[in-house]
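Welcome! Have a look at the sequence and the structure below, then work through the exercises one at a time. Each task is followed by a solution in steps.

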Amino acid sequence: MNGWRGASPTARLLLVAVLLTGLTTFMFLPLLAIELTAQGIPAGRTGFLVGLLAFSSQAFSLLSGLLVDRLGPRRVMAAGFLLRIAGYVLLGLGGAGRPAPLVAGIVAVGVGGSMLGLSTKTLLVSQEGSDPRTMLALRSTFVNIGVVVGPALGALVYPLGFRYVLAACVLSHLVLGIGLVSGRTAAAVPGRTAAKAPGAGPDAGSGAAPDPSAGRPGEVTRWTLLRHWAPLAALGVAYWAIYSQLNVLLPIAANELTGSTAAISVVFTANGLLVVLFQYTLLSRVFRRATARTLLALGFLAFACAYAVLIPLAGWYSLLAFVLPVTLAEMLIGPSLDEQAVNAAALRRTGLALGTMSAAGALGSLLGSSLGGQLLQATRGGSRAWVLLVGCSLAAAAICLLLPKVRTRHA
């Protein structure tokens, strides 16, 4: 990857940290529910604890962003590593008969993950000489390597005992924490002006003309911020609400379409491999001249195409045809939301901008999961659910047109 070769030593170290924490995280996550059930914890309580982990991470994201801007990403990163290490240790000490360390460990892992994710992402998009799009594309690629490989590593280690999985998590976070926090990761300044991407379009870069509605040159009014952030936050909610159906509606639909419980595993495996292979090339080469606004619109149109192919209910044909457009949507929308947020953020507010998008994602996931279950009951396995999702995707693509064309970092 040219982006990897052109990245600074700090950026490379951060990307390695993203890879290794991703590997150990996805070693741990798929096995958590299995281990809790094996300890004799009832299914209802197990579901609550697994949900608590996701909630702790997502609900803390806005505060994590504020802390990154106030205290600096390196301090927040150090706290994130410490919380995660403490969380994994507490999980090893907890169990059915000791719920207090179990709950405390789950919350610590979730909050620590939020702090780690936002601090590393803020440092990556703030690296001198690298544009945010390239760094976000590389980060997404490395995260998805963990998504694909991590569960397989977990399956290999789990027969030795769940504590060996936790020990791998503790060791990796300890080594990475010492390396990153004691190194020179603070060299990047989160509030720097965003670098212009090679070959970026005429409306890209810090030299773009200010929005005429902002009044005097360089002045940012509430209307300017509202005009940018209202549609952007709405798109963040919409993306995660639509994407969450891969975990709510699709597993049930895949089983009904194919008669195989393994069908959803095929979808997720193919999705992860496609992201690993093509994420960086797609954003940094194929669409290198496109603005983030354009990529968002194309991504939601891809979502519409993905759910449209499920309408005929054509078994494996519909399911396999679904994989490519839904993966394209994921590759285009996820990094582009963060890129648009970074470009819209005031100087020294990068952490808050990224935290806001994470909070929007948390709200979208909650709404999507809740409404998806009700939609499944209401439609009873028909095509109406897919028609509704196509409509929601097209509406989100239209909202993309409300985003400003100009990409600037406001002072």
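**Exercise 1. Take stock of the whole protein.** How many helices and strands are there in the protein?

*Solution.* Keep in mind that this is a predicted model.
- Step 1: The protein has 15 helices and zero strands.
- Step 2: Turn to burial: of its 411 residues, 51% count as buried.
- Step 3: Now look at the surface, where the protein exposes about 17800 Å², with carbon and sulfur atoms supplying 68% of that area.
- Step 4: Finally, take the contacts with a separation of 6 or more: 83% of them are between residues 24 or more positions apart.

**Exercise 2. Describe how α4 packs on α14.** Find the angle and the distance between the axes of these two helices, then name their relative direction.

*Solution.* Two packed helices are described by the angle between their axes and the distance between the axes.
- Step 1: Locate helix α4 at residues 61-71 and helix α14 at residues 350-379.
- Step 2: They pack at an angle of about 175°, and their axes are 7 Å apart.
- Step 3: Angles over 145 degrees count as roughly antiparallel, so α4 is roughly antiparallel to α14.
- Step 4: On the α4 side, the residues in contact include Ser-61, Leu-62 and Gly-65, while those on the α14 side include Thr-350, Gly-351 and Leu-352.
- Step 5: Sorted by class, the residues of this contact are five nonpolar, seven polar and one charged.

**Exercise 3. Is Ser-365 buried or exposed?** Decide from its relative accessibility, then list what it touches.

*Solution.*
- Step 1: Ser-365 sits in helix α14.
- Step 2: Its relative accessibility is 14%, and the cut-off for buried is under 20%, so Ser-365 counts as buried.
- Step 3: Leaving aside residues up to four places away in sequence, Ser-365 touches Gln-58, Trp-240, Ala-241 and Ser-244.

**Exercise 4. Describe how α12 packs on α13.** Work out the direction, the handedness and the classes of residue involved.

*Solution.*
- Step 1: Helix α12 covers residues 292-308 and helix α13 covers residues 316-344.
- Step 2: The two pack at about 155°, with axes 8 Å apart.
- Step 3: α12 and α13 are therefore roughly antiparallel to each other.
- Step 4: Their crossing is left-handed.
- Step 5: Among the residues making the contact are Leu-295, Phe-300 and Phe-303 of α12, and Phe-322, Val-326 and Leu-332 of α13.
- Step 6: By class, the contact of α12 with α13 has 18 nonpolar, three polar and two charged residues.

**Exercise 5. Explore α7 and the loop before it.** Which helix holds Ala-152, and where is Glu-128 found?

*Solution.*
- Step 1: Ala-152 belongs to helix α7, residues 132-157.
- Step 2: With 45% relative accessibility, Ala-152 counts as partly exposed.
- Step 3: Ala-152 and Phe-26 are 126 residues apart along the chain, and their C-alpha atoms are separated by 8.9 Å.
- Step 4: The axes of helix α2 (residues 9-38) and α7 come within 6 Å and cross at roughly 35°.
- Step 5: This crossing of α2 and α7 is right-handed, and their contact has 19 nonpolar, four polar and one charged residues.
- Step 6: Glu-128 lies in the loop between α6 (99-125) and α7, and its relative accessible area of 55% makes Glu-128 exposed.
- Step 7: The C-alpha atoms of Glu-128 and Ala-7 are separated by 9.2 Å, although their positions lie 121 residues apart along the chain as a sequence separation.

Notes. Residues numbered from 1 in each chain as written. Predicted model: local features only at pLDDT ≥ 70, side-chain atom pairs only at ≥ 80, totals over all residues. Heavy atoms only, no water. Axes fitted to C-alpha atoms, helices over the stretch in contact; angles between N-to-C directions. Helix = DSSP H or I, 4+ residues; strand = E, 2+ residues; numbered from the N terminus. Parallel < 35°, antiparallel > 145°, perpendicular 65-115°, else oblique. Contact = heavy atoms within 4.5 Å. Nonpolar A, V, L, I, M, F, W, Y, C, P; charged D, E, K, R; others polar. Left-handed = near helix turned anticlockwise from the far one by under 90°. Buried < 20%, exposed > 50% of the residue type's maximum accessible area, 1.4 Å probe, protein only. Areas by Shrake-Rupley, 256 points an atom, 1.4 Å probe, with all protein chains shown as cover.
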